Amino acid sequence: MKRRICYVAPFDGKVEDILKFKGISSSICVALRKAMGLVCRISDGEEIPIRLIDTLSQGESFCIYLADEDISPIPKLDIPVNIVYEDEDLAVIDKTAGIAVIPVKAHYGRCLVNALANIWGDFVYRPVNRLDRDTSGLMIVAKNQLAHSMLSAEHIHREYVALCSGVFVGEKSGEIDLPIKRVGEGLRRQVVPSGDNAVTQYRILEQYSDYFSAKFVLKTGRTHQIRVHISHLGYPLCCDKLYNPNSKPIVCPNGKRLDRQALHSCALEFVHPISGKSMTFSSKAEFL
């Protein structure tokens, strides 16, 4: 199914120049060149196909059509998916722990894409902010190439809550600015000077007997960023089997037993890539 998006030309100029001014990527412009009818001038309610090299006048209405031509069959997985918001361009999902976001061999047929395909049918999978398999909470899936290209993780305000091992000593809020790099061929990352820039803001919420709750805001989006940063400081996430050498099940502050990394994506704020509307979502962690 094609997605129709309408615009008004902000100045006199070629269609391609106007599209790029609107934030549309070169790769999408290439796709729009492939066939007539994907870009149309709107005149008296009628659509007239035009090319990207054609000129529009300031104030003229036009539209583009987006369609995926590379849709492949996706194995379907019949499990519940908590979709908290959905429109033609994106969906916000409150993911449960234990389901992988990225389809890999180890989770073939048992990934979020399979559960969504059971609801939407075959589609092109475009997760925006990715969560680890055992991390719960809010994430975004773009439903077309334009929304995905305009909604990068760096443009999203992302907050997480966690339970961290130990008794925290030091400033109750601050910023961890330490580069992160993959270790060998495995899943682990670590803080090393030659790593990629990684910045995490933190605030300690409450200290319990042998662990504490904390809120984190991601300023960059490195793999395992919170898990690596907080373990580097000596307070690995509770029940984190990859970064906590003393990982074991715990009883949470609310009395629930937990045996997976205590990390939850609790808040997202972003500007809708098509409508320009401010969007805010929140989610409560099962362990708090």
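How many bridges join strand 1 to strand 6? Let's start there, and then walk through the rest together. The answer is six, and the two strands run antiparallel, with strand 6 covering residues 61-66. One thing to keep in mind from the start is that we are looking at a predicted model.

First, the overall picture. The protein has five helices and 20 strands. Its C-alpha trace spans about 70 × 40 × 35 Å along the principal axes. Of the 288 residues, 47% are buried. And if you take the contacts between residues at least 6 apart in sequence, 64% of them join residues at least 24 apart.

Now back to the sheet we opened with. Strands 1 and 6 belong to an open sheet of four strands, in the order 1-6-3-4, with antiparallel pairing. Strand 1, residues 3-8, and strand 4, residues 46-49, stand at the edges with a single partner strand each, so each has one side without a neighbour in the sheet. From one strand to the next, the twist averages 30°.

As a reminder for anyone new to sheets, strands pair through backbone hydrogen bonds, and they can do so in parallel or antiparallel fashion.

Let's look at two places where you can see this pairing. In strand 1, Tyr 7 sits opposite Phe 62 of strand 6. On the other side of the sheet order, strand 3, residues 39-43, pairs with strand 4 in the antiparallel sense over four bridges. There, Arg 41 stands opposite Ile 48 in strand 4.

Strand 1 is also a nice one to follow by eye, since its side chains alternate. Arg 3, Ile 5 and Tyr 7 point to one face and are buried, while Arg 4, Cys 6 and Val 8 point to the other and are not.

Next, the interior. Which residues touch the most other members of the largest nonpolar core? They are Leu 112, Leu 116, Tyr 125, Cys 164 and Phe 216, in a core of 33 residues. Several elements give two or more residues to this core: helix 3 (112-120), strand 10 (136-142), strand 11, strand 15 (199-207), strand 16 (211-218) and helix 5 (225-232). Helix 3 provides the largest share, five residues. Apart from this core lies another one, of 22 residues, and Ile 5 from our strand 1 is among them, along with Leu 38, Ile 50 and Leu 52.

Two of those helices deserve a closer look. The buried residues of helix 3 are Leu 112, Val 113, Asn 114, Ala 115, Leu 116 and Ala 117. They pack against strand 7, strand 8 (90-95) and strand 10. After helix 3 comes Gly 121, with a positive phi near 85°.

Helix 5 is mostly covered, with seven of its eight residues buried. Those seven are Gln 225, Ile 226, Arg 227, Val 228, His 229, Ile 230 and Ser 231. Two of them, Ile 226 and Ile 230, are among the residues that Phe 216 touches. Just after helix 5, Gly 234 takes a positive phi of about 100°.

Gly 234 brings us to Ser 165, which touches it. Is Ser 165 buried or exposed? Ser 165 lies in strand 11, residues 157-165, and its relative accessibility is 19%, so it counts as buried, the cut-off being under 20%. Its side chain makes a polar contact of 3.0 Å with that of Asn 244. Ser 165 also touches Phe 212 and Tyr 235, among others.

Those last two names come up again, because our final topic is aromatic rings, and Phe 212 and Tyr 235 form one aromatic cluster with Phe 168 and Tyr 202. In total, the structure holds 11 aromatic pairs. In one of them, the rings of Tyr 85 and Phe 281 have centres 5.7 Å apart and planes at 50°, so the pair is tilted. Tyr 85 lies in strand 7 (residues 83-86) and Phe 281 in strand 20 (residues 278-282), so the pair ties together parts that are 196 residues apart in sequence. Tyr 85 counts as partly exposed, at 26% relative accessibility, whereas Phe 281, at 13%, counts as buried.

That's the tour. Thanks for listening!

Definitions and conventions. Residues numbered from 1 in each chain as written. Predicted model: local features only at pLDDT ≥ 70, side-chain atom pairs only at ≥ 80, totals over all residues. Heavy atoms only, no water. Pairing = 2+ DSSP bridges. Axes fitted to C-alpha atoms, helices over the stretch in contact; angles between N-to-C directions. Buried < 20%, exposed > 50% of the residue type's maximum accessible area, 1.4 Å probe, protein only. Polar contact = N/O pair within 3.5 Å; in protein donor to acceptor, adjacent residues only side chain to side chain. Contact = heavy atoms within 4.5 Å. Core = buried A, V, L, I, M, F, W, Y, C linked by side-chain atoms within 4.5 Å. Phe/Tyr/Trp six-rings, centres within 6.5 Å; stacked < 30°, edge-to-face > 60°. Lists of a residue's contacts leave out its neighbours within four places in sequence.
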